[in-house]
Amino acid sequence: MQVKRAGVVGAGTMGAAIAEVLAFNGIDVVLKDLDGGLVEKGLARVRHYVDELVQFHAERGDKELARIKDLGVTLTEQQVAAVRARLAPKVSRQRGDEIIGRVHGTTTWEPFGNVDFVVEAAFEKMEIKRQIFEALDPVLPEFAILGSNTSSLSITRLARGLRHAPQILVTHFFNPPVTLPLVEVAGGVETREDVITDTIDFLQGLRNHRYPLVPIRVQESPAFVVNRLLIPVLAEACFALQDGLASARDIDQAMKAGAGMPMGPFELADLVGLDVTLDVMETLHREFQDPKYRAPPMLRRLVDAGHLGRKTGRGFYEYA
Ligand SMILES: NC(=O)c1ccc[n+]([C@@H]2O[C@H](COP(=O)([O-])OP(=O)(O)OC[C@H]3O[C@@H](n4cnc5c(N)ncnc54)[C@H](O)[C@@H]3O)[C@@H](O)[C@H]2O)c1
C-alpha cells in the first residue's frame, strides 16, 4: 500500500493533528471541514503543531547546555560544540514550512477524487459520519482505503451497503496524535483482511513528533481497548467528585501520584473534550447495557452548559 496523497475529513482537534502527522511523513493531505472558517482554524492548528516542533528543535541545544550549567558543570568549547552537534535541529524552519505546505484546505469533496487513504475525524455521531461516508463513496478512487477515527461507533454499520465497504475500517488515533503513537485498527464485517494488514503496515512505517506509530489490531467492539478501560475511570472520578470524596484537583493528584497516571482523570476529560467523553460513555452504555458505563449527571450538566473542556476554555477546570 503506497500512500502519496491522503485526505482528512474534519479539521478539529483530531483531524488537524492527523493531517499534520501524515504531512510530517511526506504525504500530501487534503483537509476538509464544513466552511472556510473551520478549514482555516484547522490549518492554523497544523501550523501550531509544526511551529512547536520547529521551536523545540531550535532550542534543544541551548536548553541542554543551560541544564548542564545549572548542574554546576563547566564544559570545554569542544564539549559545547559536541552537545550542539548532537542536538542540532532535525526539523528546520524550512522543513517545517514544507510540512505546512503539504496540507491543503478544502470545503468540497472533489479533491478526494485522487487520494489513496482517508481518515474521517468528524463529530462522533452516526448520522454525521454516515453522511460523510455516503458522500465520499462515489468520489474516492476504487482502491482507496477509508479509515474512521470513531471512538465507539460500529464501523460495520457506517460502511453498510457502500461500494468501498471492503476497504473501510477503524483507524483510531489518540489525542494528541502528534505525540501519542497508538492507533487502534479494527475491521468491520465486510472489511477485507489485506486492507487491515496493509493499513497496519502503512501506519507502522509512520512517525509522529516523538515516536514511530504503534498500530494494534483490535476487534470491532465499542470503544476498543483504551477507552473501554479508561472511560469507567473517568465516570467513577465524576461520581467520586459528586459524592464529595475529594476535590477535582486532589482526585487528579491522587491518580497521578498514587496510580502513576501521567494526567488525572479530570485533566484528561478536559483534554479529550467533555462532549466527546459523554458521547463515548453513552455509546458504551447503550451497547453493553452495563450500569458501570452510565454517564454521571455532573458531566451531562457541564456539556449542557457548553463547558466542554480545554477547547471552550472551561470544563472541570478553567483555562486562560
Ligand atoms: N478528542 C479526542 O480526544 C479524540 C480522541 C480519539 C478519537 N476521537 C474521535 O475523533 C473524531 C473527531 O473528534 P474531535 O475531538 O477532533 O472533534 P472536533 O469537534 O474537535 O472536530 C470535528 C470536526 O469535524 C467537522 N465536521 C463535522 N461534520 C463535517 C463534515 N460533514 N465534513 C467535514 N467536516 C465536518 C467539524 O466542523 C469539526 O471541525 C470523533 O469521532 C471522536 O470520537 C476524538
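Student: Why does the radius of gyration of the protein agree with that of a compact globule?

Tutor: The rule for a globule is 2.2 Å times the number of residues to the power 0.38, with the radius taken over C-alpha atoms. For 320 residues that comes to near 20 Å, and the protein has 21 Å, so the two agree. This is a predicted model, in which local features need pLDDT of at least 70, side-chain atom pairs count only at pLDDT 80 or more, and totals for chains, interfaces and linings use all residues. Residues are numbered from 1 along each chain as its sequence is written.

Student: What makes a residue count as buried, and what percentage of the protein does?

Tutor: A buried residue has 20 or more other C-beta atoms, placed from the backbone, within 10 Å of its own. By that rule, 42% of the 320 residues count as buried.

Student: How do you know which residues come nearest to the ligand?

Tutor: A residue is near a molecule if its C-beta atom, placed from the backbone, lies within 6 Å of it. There are 27 residues around the ligand, and Gly-10, Gly-12, Met-14, Glu-124 and Asn-175 come nearest.

Student: What gives the most to this shell?

Tutor: Helix α1 does, with three residues; helices are DSSP runs of H or I, at least four residues, and strands runs of E, at least two, numbered from the N terminus. α1 (13–24), α5 (126–136) and β6 (168–173) each supply at least two residues. In total the protein has 12 helices and eight strands.

Conventions:
Buried ≥ 20, exposed ≤ 12 C-beta atoms within 10 Å, placed from the backbone.
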